[in-house]
Amino acid sequence: FDKIDTDNDGVISYLEWTEHIKLSGINDIASSCINRGPMYQAALIDEELQLYFNLIDRVHRILGLAQELGVRVMVDAEWIDIQPAIDHLVLTLQRKYNKGDQP
């Protein structure tokens with residue numbers, strides 16, 4: 001708890017949570033549920049997880065090239081069923097690529 005609660009206010013904010021957990025980690029938690037309820041059923045199967053990792057790799061290559069070329073990238077992605085995953089991915093990418101004088 002203390003590792004994630006970076007401002008020591010006794011509350012883990014959304015930003016603190018997303019900074020310390022990866023979607024693949026959430027998938028591990030969901031797939032390890034004892035009861036096969038909604039959380040367990042939401043876990044990705046191996047093929048879906050591989051597709052997710054392929055997506056991450058492609059996006060990193062695109063953003064790496066954009067950074068080399070000095071151009072900006074805007075992500076406009078909306079899909080209600082997976083919006084939390086999209087938001088998490090974009091926030092993670094912002095933290096990595098929006099540093100210094102390179103927004």
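Helices here are DSSP runs of H or I with at least four residues, and they are numbered from the N terminus. With that in hand, let's work through some exercises on this predicted model.

**Exercise 1. Find out where Asn8 sits and what is unusual about its backbone.**

Solution. Start with the place: Asn8 lies in the segment that comes before α1. Next, look at the backbone angle: phi of Asn8 is positive, about 50 degrees, although Asn8 is not a glycine. Finally, check the surface: a residue counts as exposed when its relative accessible area is over 50%. Asn8 has 62%, so Asn8 is exposed.

**Exercise 2. Describe the chain as a whole: its helices, its extent and its surface.**

Solution. Begin by counting elements: the chain has five helices and zero strands. Written in sequence order, this gives α-α-α-α-α. Now take the extent: the C-alpha trace spans about 50 × 40 × 20 Å along its principal axes. Then turn to burial: of the 103 residues in the chain, 21% are buried. The accessible surface is about 8,100 Å², and carbon and sulfur atoms account for 57% of that. One last step concerns contacts between residues at least 6 apart in sequence: 46% of them join residues at least 24 apart.

**Exercise 3. List the residues of the largest nonpolar core and say which helix gives the most to it.**

Solution. The core has nine residues: Leu23, Leu49, Tyr52, Ile56, Val59, Leu63, Leu89, Leu93 and Tyr97. Sort them by helix: α4 (46-69) and α5 (83-97) each supply at least two. The largest share comes from α4, with five residues.

**Exercise 4. Locate the salt bridge and explain how its two residues are placed in their helix.**

Solution. Recall the general idea first: side chains of opposite charge can pair when their charged atoms come close. The cut-off for a salt bridge is 4 Å between a side-chain nitrogen of Lys or Arg and a carboxyl oxygen of Asp or Glu. Apply this to Arg61 and Asp57: their closest N and O atoms are 3.3 Å apart, and they form a salt bridge. The total count by this rule is one. Now consider the helix: Arg61 and Asp57 are four residues apart in α4, so about one helical turn separates them. As for the surface, Arg61 is exposed at 53% relative accessibility, while Asp57 is partly exposed at 41%.

**Exercise 5. Asp5 has no salt bridge; work out what surrounds this residue instead.**

Solution. Place Asp5 first: it belongs to the segment before α1 (14-20). Asp5 is buried, and the nearest side chain of opposite charge, Arg95, is 13 Å away. Next, look for polar atoms: a polar atom of the Asp5 side chain lies 3.2 Å from the backbone nitrogen of Asp9. To finish, set aside neighbours within four places in sequence: Asp5 is then in contact with Gly10, Val11, Ile12 and Glu16.

**Exercise 6. Is Ala77 buried, partly exposed or exposed, and which residues does Ala77 touch?**

Solution. Ala77 is in the loop between α4 and α5. Its relative accessibility is 29%, so Ala77 counts as partly exposed. Not counting residues up to four places away in sequence, Ala77 touches Gln83 and Ile86. For a last step, compare Ala77 with Asp2: they are 75 residues apart in sequence, and their C-alpha atoms are 33 Å apart in space.

How values were computed
Residues are numbered from 1 along each chain as its sequence is written. This is a predicted model: local features need pLDDT of at least 70, side-chain atom pairs count only at pLDDT 80 or more; totals for chains, interfaces and linings use all residues. Side-chain values use heavy atoms; hydrogens and water are left out. Buried means under 20% relative accessible area, exposed over 50%, partly exposed in between (1.4 Å probe, protein chains only). Lys and Arg count as positive and Asp and Glu as negative; His and the chain ends are not counted. A polar contact is a pair of N or O atoms within 3.5 Å; within protein, one must be able to donate a hydrogen and the other to accept it, and residues adjacent in sequence count only if both atoms are side-chain atoms. Contact means heavy atoms within 4.5 Å. A nonpolar core is a set of buried Ala, Val, Leu, Ile, Met, Phe, Trp, Tyr and Cys residues joined through side-chain atoms within 4.5 Å. Accessible areas come from the Shrake-Rupley method with a 1.4 Å probe; for residues, only the protein chains shown count as cover.
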